[in-house]
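How can one begin to read an unfamiliar fold with care? Please look through the sequence and the model shown here before going on.

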Amino acid sequence: MSRQPCTLRGRDGEWRRWPRRRGGEVDVVHMAVRVAASPLLWWWLFGVLRWSLLKRGDAGRRRRGGFTSSSSISIRTCPASVTRHSQKAMEPAPTTMAMVSVLISFVLLVLSFVVPLRRRQKPLNLPAGPKGWPVIGSLHLLAGSLPPHRALAALASRHGAPLMHLKLGSFHVVVASSAGTARLVLKTHDLAFADRPPAAWGAIIAYGYKGIVQTPYGSYWRMARKLCATELFSPRLVDKFERARMAEMRALTRAVFVSGAGGRAAVTVREHLMSFTMRNILRMALGERWSSSYGSAEGEAFRRSLEEGFAVSGTVSNVGEWVPWLAWLDLQGLVGRMKRVHVEFDRFNEMVLDEHLKDHRRRRAVASDDAAARDLVDVLVQLAEEDDGGQYDQPPDTSTRLTRDGIKAIFQDIISGGTETTDLPDLAYIDAVLKETMRLHPVGPLLIPHHAREHTVVAGGYDIPAGARVLVNAWAVGRDPASWPESPEAFRPERFLAGGSAEGVDVRGAHFQLVPFGAGRRMCPAYNLAMKEMSATLANLVHGFSWRLPEGMAAEDVSLEEAMGLSVSLKEPVVAIAEPRLPVHLYAAVE
Ligand code: HEM
């Protein structure tokens with residue numbers, strides 16, 4: 001018999017099989033045949049109905065003057081005192097009885113079919129992992145003091161499971177913790193796991209999944225990724241911002257020089273890097289006026305919202321996402337905080353977009369050759385205009401149209417993503433230092449959760465059920481002794497240099513022992529820009545300054561404790577002395 005799965009339209013507008021079941025879709029035709037062909041159950045249902053109807057007949061006779069044992073005494077004792085209403089109160093209405101019986105029979109009938117159907121399915125061959133409790137699964141194992149990537153790595157090694165299965169709340173979760181299993185997820189079954197699971201962040205902060213990062217796999221996401229490749233990060237646009245980037249780089253070295261009092265005072269490195277990164281990305285994404293607002297009250301409010309956005313969007317922190325029937329309680333208050341962050345973001349995004357739209361229309365009206373895009377928002381505005389003739393306000397829909405919310409969600413994702421790049425000579429050692437840093441401390445230790453679009457059987461015969469959350473523990477992969485046999489915990493950039501044990505290993509998604517940007521379809525679209533930008537910054541900071549820890553502080557005193565959110569950062573920012581290495585006039589501001 002041919003199997004006809006039901007389909008439902010997903011939130012991305014794609015048609016999907018529904019309902020998804022362990023081990024395969026429900027066969028509706030098959031089920032209907034079984035219902036029709038089960039004489040025992042029909043006989044039983046018929047019996048219940050017949051009994052209800054007979055009861056109804058009895059009650060009818062009583063109303064017409066007959067009697068039955070339960071009511072006979074009162075009727076005979078004082079017929080005049082028995083009204084129709086008092087009789088009704090003494091026994092349940094026969095129609096209600098009939099309805100209740102039919103309902104119970106219906107529920108039993110459904111259960112008697114569904115339960116055996118599910119039991120008879122082949123049991124899933126899940127990868128090894130902790131068993132977990134009913135309702136919460138293994139959520140409690142991630143609630144300790146260890147950040148989730150470390151707790152998951154410890155569990156994987158305890159269970160000897162480079163591909164580990166556990167239940168978190170109501171969901172199957174599969175975690176890849178070795179180069180081999182990362183390859184399974186990000187390459188061999190890339191398409192099957194290219195989705196993102198529904199997340200409050202995507203729904204609330206990203207305008208109902210209208211950005212890129214949280215957007216489900218489908219036509220809208222493909223459109224957004226194409227924009228990244230052909231427009232937003234195109235070499236043409238990157239080149240265009242060369243001069244601005246150089247100016248920001250000089251501003252960074254000057255700021256470190258000034259706040260470090262020429263090497264006499266300690267500087268908080270993160271503050272300077274944060275400000276540099278933000279100004280850079282704001283300049284590229286939103287334009288000069290908005291990057292110079294960084295530091296003003298409005299820029300400061302935006303920065304705080306960004307930090308709060310990262311803090312509330314951790315990969316596994318929101319209990320309501322794992323136990324959906326508890327979601328309405330918002331036990332940790334995270335959804336409330338996300339809603340407030342979204343209001344803040346949207347206020348800022350609306351200002352930015354309105355200003356760009358006004359400016360764009362004015363320039364086009366005055367001189368058409370001045371209408372060229374000046375920044376990423378301009379690019380998006382132009383694309384939306386080509387798409388729908390200048391109407392930016394369609395309600396969000398499932399098509400690939402770039403709506404007003406879509407523009408805001410995409411540039412917001414890009415600003416959150418970070419910064420961009422400059423062209424650099426080949427700086428092999430700097431490059432090795434960056435790789436080694438990202439091997440030991442990836443910014444997104446669990447990448448961004450993937451989601452199984454369909455039931456998949458992976459190497460070893462393990463089942464990954466449709467709907468499972470699929471995590472790649474880049475932090476564990478980067479420390480796996482099987483891939484990094486030579487002192488995996490030690491910081492040794494030389495391993496990446498010529499003759500080193502990891503010579504030739506890079507972060508472009510082809511070497512699965514080093515995946516700080518992911519790999520495959522959902523790989524970070526800006527990895528190239530990010531690498532170059534980081535090289536440029538590091539090169540300038542070590543070229544311009546000799547760095548040392550403040551007096552009385554040893555390397556062991558630097559805390560490497562991590563603060564978790566969407567990305568990981570140091571809980572205690574590093575402070576250091578930056579002694580200028582170049583003639584003082586080279587630190588002067590030059591615009
Ligand atoms: C050190 C810098 C960066 C690191 C380590 C990094 C890392 C990542 C990782 C791990 C992912 C998820 C990959 C996966 O799920 O398999 C990702 C996705 C993404 N990144 Fe980055 N990223 C960086 C910089 C940037 C920058 C500068 C931007 C934008 C200007 C950006 C934009 C994005 C976007 C839009 C996605 C979502 C891709 C998708 O879901 O299709 N990232 N990044």
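What follows goes through a few helices and their surroundings in this predicted model.

A starting point is helix 6, which spans residues 148-158, and in which P148, H149, L152, A153 and A156 are buried. These residues cover an arc of only 130° around the axis, and therefore lie on the same side of helix 6. The background to such a pattern is that an α-helix has 3.6 residues a turn, so residues three or four places apart point the same way. Among the elements that cover the buried residues of helix 6 are strand 3, strand 4, helix 20 and strand 11, the last of these at 562-564. Just after helix 6 comes G160, which takes a positive phi of about 55°.

Helix 7, made of residues 179-188, has T181, A182, R183, L184, V185 and L186 buried. The cover over these residues includes strand 3 (163-168), strand 4 (171-176) and helix 20 (474-477), and it also includes strand 6 (450-451), strand 7 (456-458) and strand 9 (469-472).

Further along, how do the axes of helix 16 and helix 18 cross? The axes of helix 16 (residues 334-366) and helix 18 (residues 404-417) come within 10 Å and cross at roughly 110°, and the two helices are therefore roughly perpendicular to each other. On the side of helix 16 the contact is made by F345, N349 and L353, while helix 18 contributes R404, I407, K408 and Q412. Taken by character, the residues of this contact comprise three nonpolar, two polar and two charged.

Notes. Residues are numbered from 1 along each chain as its sequence is written. This is a predicted model: local features need pLDDT of at least 70, side-chain atom pairs count only at pLDDT 80 or more; totals for chains, interfaces and linings use all residues. Axes are lines fitted to C-alpha atoms, for helices over the stretch in contact, and angles run from 0 to 180 degrees between N-to-C directions. Helices (H or I, at least four residues) and strands (E, at least two) are DSSP runs, numbered from the N terminus. Angles under 35 degrees count as roughly parallel, over 145 as roughly antiparallel, 65 to 115 as roughly perpendicular and the rest as oblique. Two residues are in contact if their C-beta atoms, placed from the backbone, lie within 7 Å. Ala, Val, Leu, Ile, Met, Phe, Trp, Tyr, Cys and Pro count as nonpolar, Asp, Glu, Lys and Arg as charged, and the others, Gly among them, as polar. A residue is buried if 20 or more other C-beta atoms lie within 10 Å of its own, exposed if 12 or fewer, and partly exposed in between; C-beta atoms are placed from the backbone. The arc is that of the directions from the helix axis to the C-beta atoms.
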